[in-house]
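Please work through the exercises below with the sequence and the coordinates open beside you. Each task sentence is followed by a solution that goes step by step.

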Amino acid sequence: MKSFLLVFVALVVASDALTSSFVPRSQSLSSVPTSTSSLSMKVFDWKRRQADESAINDLDNFEFTEYNLRPAPGSKHRRKRKGRGIAAGQGATCGFGMRGQKARSGRSVRPGFEGGQQPLYRRLPKFVGKPLGPGHKRKIYNIIKLDELNDVAPGTTCNFESLFESKVVTKSKYDIHKIVTGKNEFTAKDITVQAHAFTKSAREAIEGAGGKCEILKPSTGAVIEG
């Protein structure tokens with residue numbers, strides 16, 4: 001019985017010693033001294049950290065010119081020289097591996113190929129309207145602006161030939177002409193304009209000034225609509 005009591009007392013004393021030496025983790029971390037250094041590291045590459053940019057950072061006294069502009073240190077790299085030995089990292093196979101479709105000369109796959117899955121140009125729907133791709137033609141007009149007609153005398157008829165003779169417009173590589181609104185104000189009054197096409201705003205401006213629009217036939221140049 002006495003031996004049992006002695007063992008019990010020893011266990012109680014040992015447990016008291018363990019609990020008295022326990023320190024919570026939060027308290028142990030709070031006792032660690034914090035750094036008082038004023039050193040701040042830039043989150044850039046090592047070349048940028050070693051570069052002296054004190055003059056550039058002084059925005060009040062520094063002026064950027066074409067002579068002091070330069071790329072950021074570390075942003076420019078040398079050209080990778082392939083096939084110059086295994087020590088360079090791109091020797092022998094030059095990064096193309098041993099064999100395979102992508103290791104052969106020329107283009108490995110055709111443009112738009114996505115490995116067999118439905119490609120993007122087939123997943124998207126076709127545009128509704130007149131096709132303008134290869135094999136299709138569209139009308140390309142020579143543009144004549146309204147402000148180029150300001151010198152036309154009232155009551156006269158003007159077209160591309162008359163404007164070219166008066167040196168208002170230059171020669172055109174297109175045979176059909178279209179009247180569009182220009183940047184300057186249209187000031188001509190009571191004129192008849194002949195062209196192959198008119199924009200809606202140009203027609204309204206001509207007719208609003210007392211003029212008339214006549215559409216020409218592309219093949220013969222005859223007036224088909226007045």
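The exercises that follow concern a predicted model, and they go from the overall fold to single side chains.

**Exercise 1. The fold in outline**

Task: Determine how many helices and strands the chain has, in what pattern they follow one another, and what share of the residues is buried.

Solution. Step one is to count the elements, which gives seven helices and seven strands in the chain. Step two is to read them along the sequence, where the pattern is α-α-α-α-α-β-β-α-β-β-β-α-β-β. Step three turns to burial: of the 226 residues of the chain, 18% count as buried. As a last step, consider the contacts between residues at least 6 apart in sequence, of which 36% join residues at least 24 apart.

**Exercise 2. The largest nonpolar core**

Task: Find which residues of the largest nonpolar core touch the most other members, and which elements each supply at least two residues of this core.

Solution. The largest nonpolar core has 20 residues, and within it L149, I179, F186, V193, F198 and I206 are those that touch the most other members. At least two residues of this core come from each of α6, β4 (192–195), α7 and β6 (212–216). In soluble globular proteins, nonpolar side chains tend to be buried together. To follow one member in detail, take V193 and leave aside its neighbours within four places in sequence: V193 is then in contact with L149, C158, I179, F198, I206, K212, C213 and E214.

**Exercise 3. The surroundings of H177**

Task: Establish whether H177 is buried or exposed, and describe what surrounds this residue.

Solution. Begin with the backbone, where H177 is found in strand β3, which covers residues 177–180. Next comes accessibility: the relative accessibility of H177 is 7%, and because buried means under 20%, H177 counts as buried. Then list its contacts, not counting residues up to four places away in sequence; H177 touches Y141, N142, I144, F160, S172, A195, H196 and A197. One of these, N142, also makes a polar contact with H177, side chain to side chain, at 3.1 Å.

**Exercise 4. Aromatic pairs**

Task: State how many aromatic pairs there are, and describe the arrangement of the rings in each.

Solution. The count comes to two aromatic pairs. In one of them, F62 and F64 are edge-to-face, with 4.8 Å from centre to centre and 80° between the planes; F62 is partly exposed at a relative accessible area of 21%, and F64 is partly exposed at 47%. In the other, F160 and F164 are stacked, with 6.1 Å from centre to centre and 20° between the planes. F160 and F164 both lie in helix α6 (residues 160–165), where they are four residues apart, about one turn of the helix. Their accessibility can then be compared with the cut-offs: F160 is buried, with a relative accessible area of 12%, whereas F164 is partly exposed, with 39%.

**Exercise 5. Salt bridges**

Task: Find how many salt bridges the whole structure has, and say for each partner whether the residue is buried or partly exposed.

Solution. A search of the whole structure gives three salt bridges. One joins R123 to E114, with the closest N and O atoms 3.1 Å apart; R123 is partly exposed at 44% relative accessibility, and E114 is partly exposed at 29%. Another joins E207 to R203 at 3.6 Å, N to O, and these two residues both lie in helix α7 (residues 200–208), four residues apart, about one turn of the helix. E207 is partly exposed at 43% relative accessibility, and R203 is partly exposed with a relative accessible area of 23%. A further bridge is formed by K212 with E214, the closest N and O atoms being 3.9 Å apart. Here K212 counts as partly exposed at 41% relative accessibility, whereas E214, at 12%, counts as buried.

**Exercise 6. The cysteines**

Task: Explain why C213 is not bonded to C158.

Solution. Start from the total, which is zero disulfides in the structure. For C213, the closest cysteine sulfur belongs to C158 and lies 9.6 Å away; a disulfide needs sulfur atoms within 2.5 Å, so this distance is too far for a bond. Turning to accessibility, C213 counts as buried at 3%, and C94 is also buried, with a relative accessible area of 18%.

Key: Residues numbered from 1 in each chain as written. Predicted model: local features only at pLDDT ≥ 70, side-chain atom pairs only at ≥ 80, totals over all residues. Heavy atoms only, no water. Buried < 20%, exposed > 50% of the residue type's maximum accessible area, 1.4 Å probe, protein only. Polar contact = N/O pair within 3.5 Å; in protein donor to acceptor, adjacent residues only side chain to side chain. Contact = heavy atoms within 4.5 Å. Phe/Tyr/Trp six-rings, centres within 6.5 Å; stacked < 30°, edge-to-face > 60°. Salt bridge = Lys/Arg side-chain N within 4 Å of Asp/Glu carboxyl O. Core = buried A, V, L, I, M, F, W, Y, C linked by side-chain atoms within 4.5 Å.
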